[in-house]
Amino acid sequence: MTAPLKLSRFYEWGRKIVAVGRNYRAHCAELGNPVPKEPVLFLKPTTSYLPEGKGPTRGPPGCTDLHHEIELGVVISGGGTNIPQESAMDHVGGYVLALDMTARDYQNIAKEKGIPWTWAKCFDTACPISEFVPKEKVSDPQDLNMWLKVNGEVRQKTNTNDMIFTVPYIISYISKMMTLEPGDLILTGTPMGVAGVQPNDQLEAEIEGVVAMKFTVGDKL
Ligand SMILES: CC(=O)CC(=O)C(=O)O
Ligand SMILES: [Mg+2]
């Protein structure tokens with residue numbers, strides 16, 4: 001008999017990772033992107049998951065500008081299509097602190113050529129995650145202080161009330177065209193301060209009072 005799937009190990013379920021881009025005004029400005037009128041969405045494969053303690057995060061072959069992007073991750077417990085914003089939070093089972101590791105050099109090339117960001121966002125180890133935090137431990141996902149340090153120096157710091165699109169809006173928006181399933185992870189976008197990392201850099205991140213995590217940067221894949 002196979003063991004029942006536990007939501008706390010959602011990353012083993014093989015469901016999807018839907019990522020929101022450009023969800024903080026200051027981050028749009030730092031990369032010279034317009035502020036979006038609707039969420040900018042892309043997918044990351046579940047092979048990019050890197051739970052804390054499972055080794056270093058590594059850029060794809062040839063990458064010369066691997067960036068950190070700290071993000072609040074929302075774990076879906078109840079699936080659905082056309083989920084109304086008003087009941088969207090009923091579909092949330094919990095949260096993780098996540099990094100949307102990005103090969104910025106490849107992303108810039110993709111943007112110039114007008115081609116997808118796959119090489120920039122989808123490599124193995126591109127989605128480091130913290131331990132799972134049950135929904136009950138977070139009273140308001142739209143009021144969380146979170147930060148990321150590289151080698152002890154703060155690089156990114158925000159409150160999630162700075163998001164352009166809120167968690168319920170994002171869930172409702174995605175579910176209009178893509179069925180959400182239990183075990184899916186939504187990455188809600190990164191605040192300003194994205195920057196390059198080097199092999200052996202120590203990444204430390206926290207949602208204050210909720211969860212913390214540490215990762216090392218490794219050599220390229
Ligand atoms: C410019 C980006 O890489 C978009 C993104 O992932 C974000 O979080 O914003
Ligand atoms: Mg991102």
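A residue is called partly exposed when its relative accessible area falls between the buried limit of under 20% and the exposed limit of over 50%. The model on screen is predicted.

**Stop 1: Gly-62**

Select Gly-62, in the loop between strand E3 (49-51) and strand E4 (66-68). Its relative accessible area is 46%, so Gly-62 counts as partly exposed. Now show what surrounds Gly-62: leaving out residues up to four places away in sequence, it touches Asp-105, Tyr-106 and Lys-220. Measure from Gly-62 to Asp-105, C-alpha to C-alpha, and the distance is 9.6 Å, for a separation of 43 residues in sequence.

**Stop 2: the magnesium ion**

Next select the magnesium ion (ligand 2). Which residues are its protein donors? They are Glu-69 (OE), Glu-71 (OE) and Asp-100 (OD), at 2.0 to 2.1 Å from the ion. Along the chain, the spacing of these donor residues reads E-x1-E-x28-D. Distant parts of the chain are linked by the pair Glu-71 and Asp-100, 29 residues apart: Glu-71 belongs to strand E5, while Asp-100 sits in the loop between E6 and strand E7 (102-103). Colour both by accessibility: Glu-71 is buried, at a relative accessible area of 1%, and Asp-100 is buried, also at 1%.

**Stop 3: the nonpolar cores**

Hide the ion and turn to the largest nonpolar core, which has 44 residues. Select Leu-72, Leu-97, Met-101, Ile-171, Ile-186 and Leu-203, the members that touch the most others. Elements that each supply at least two residues of this core include strand E1 (17-21), strand E5 (70-76), strand E6 (92-99) and helix H4 (167-175). A second, separate core has 18 residues, among them Ala-19, Val-75, Ala-120 and Ile-129.

Centre the view on Leu-97. Neighbours within four places in sequence aside, its contacts include Ile-70, Glu-71, Pro-128, Ile-129, Met-146, Ala-205, Val-211 and Met-213. One of these contacts, Glu-71, is also a donor of the magnesium ion.

**Stop 4: the four-stranded sheet**

Finally, display the open sheet of 4 strands, ordered E11-E10-E14-E15 with antiparallel pairing. Which strands stand at the edges? They are strand E11 (153-159) and E15; each has a single partner strand, so one side of each lacks a neighbour in the sheet. On average, neighbouring strands here are turned by 10° against each other, direction ignored.

Zoom in on E10 and E11, which pair in the antiparallel sense over 6 bridges. Pick Leu-148, whose bridge partner in E11 is Gln-156.

Note on methods. Residues numbered from 1 in each chain as written. Chains lettered and ligands numbered in written order. Predicted model: local features only at pLDDT ≥ 70, side-chain atom pairs only at ≥ 80, totals over all residues. Heavy atoms only, no water. Core = buried A, V, L, I, M, F, W, Y, C linked by side-chain atoms within 4.5 Å. Buried < 20%, exposed > 50% of the residue type's maximum accessible area, 1.4 Å probe, protein only. Contact = heavy atoms within 4.5 Å. Donors = N, O, S within 2.8 Å, 3.2 Å for Na, K, Ca; no water. Pairing = 2+ DSSP bridges. Axes fitted to C-alpha atoms, helices over the stretch in contact; angles between N-to-C directions.
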